[in-house]
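Let's take a friendly walk through this fold, starting with the strands and ending with a pair of helices. Have your viewer ready.

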Amino acid sequence: MSFKTFFITGANSGFGLAIATAAIEAGHKVIGTIRSEASRDKLSKNLPALHPVLCDVTDFDRIPVVIQQAEEEHGPVDVLINNAGYGHEGVLEESPIEEMRRQFDVNVFGAVAVAKAFLPRFRERRSGFIVNVTSMGGMITMPGIAYYCGSKFALQGISEVMRSEMAPFGVHVTTLCPGSFRTDWAGRSMVRTERSIADYDSLFDPIRKARQAVSGNQLGDPQKLAAAVLTLIASDNPPPQLLLGSDALKHVTARIDRLKQEIETWTDLTLSTDG
């Protein structure tokens, strides 16, 4: 694979940092967004080859300016890794709507705003690769993460449309759908709504405790995910979505099987509305 220029959002931790590190080690140039000077200072020590830019993906009006300045300074970007995001955990009835709005601002609107800033550039150059990081939670659901799954389902759907619209211009779009990995997603990065309704205790408390207990010990290795992303980027025929992790494969496959069974069970009623 020829050397490319990457633009990675949320490059200071988790998947973003892992992908940035792997890309730099492979000889690529990496521009990474961060949200604070403290993160810039830390990255300058730990990953000095990365070119950091201050950018909050919810600062929608500033994003095009940031990207224009990045390309003026570092040249055309070849690969966008739309990684910035976080998890929200909370029973739907208990979770304030403001927390949902914030979840969608970052995970959906922020990702779309960054992608939209690159779309005209990639279209005009007739090349480019957009990787929108979703989750297995963009294809399956679990109790207690309705806002998170909702945001990832939304980005999953938008990405599929984006893929079909950009394909005629030689621009690839793939969603990355990881399972559970050893990142801070279930730790310090997660926003957790306080419990308030006892009726949900037996359903949700064990789920929350189990998630906290496994945090940092998940099966998925972020460095192996980063290697997989580099393999994906090198493909001339990338998939619409790429599952990563045995748990993602297990849970998504089970959902597809259930969906097929539900369709078959209700086929007669489905067809009864024609005519």
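Which residue in E2 is the bridge partner of Thr 5? In this predicted model, Lys 29 of E2 takes that role for Thr 5. The two residues belong to a parallel pairing of strand E1 (residues 5–8) with strand E2 (residues 29–34), which runs over four bridges.

Step back now, and the wider sheet comes into view. It is an open sheet of seven strands, paired in parallel and ordered E3-E2-E1-E4-E6-E7-E9. Strand E3 (51–54) and strand E9 (241–244) sit at the edges, each pairing on one side only. Between neighbouring strands the average turn is 20°, ignoring direction.

Helices pack on this sheet too. Helix H5 (residues 146–166) touches strand E6 (129–133), strand E7 (172–178) and E9, and its direction makes about 155° with that of E7. Helix H7 (residues 222–233) also packs on the sheet, with E1, strand E4 (79–82), E6, E7 and E9 as the strands it touches. The direction of H7 makes about 160° with that of E7.

Finally, look at helix H3 (residues 63–74) and helix H4 (residues 97–125), whose axes come within 9 Å and cross at roughly 45°. Because angles from 35 to 65 degrees fall in the oblique class, H3 is oblique to H4. Their crossing is right-handed. H3 brings Ile 63, Pro 64, Ile 67, Gln 68 and Glu 71 to the contact, while H4 supplies Gly 110, Ala 113, Val 114, Ala 117, Phe 118, Arg 121 and Arg 125. By class, the H3 and H4 contact has seven nonpolar, two polar and three charged residues.

Key:
Residues numbered from 1 in each chain as written. Predicted model: local features only at pLDDT ≥ 70, side-chain atom pairs only at ≥ 80, totals over all residues. Heavy atoms only, no water. Axes fitted to C-alpha atoms, helices over the stretch in contact; angles between N-to-C directions. Parallel < 35°, antiparallel > 145°, perpendicular 65-115°, else oblique. Left-handed = near helix turned anticlockwise from the far one by under 90°. Contact = heavy atoms within 4.5 Å. Nonpolar A, V, L, I, M, F, W, Y, C, P; charged D, E, K, R; others polar. Pairing = 2+ DSSP bridges.
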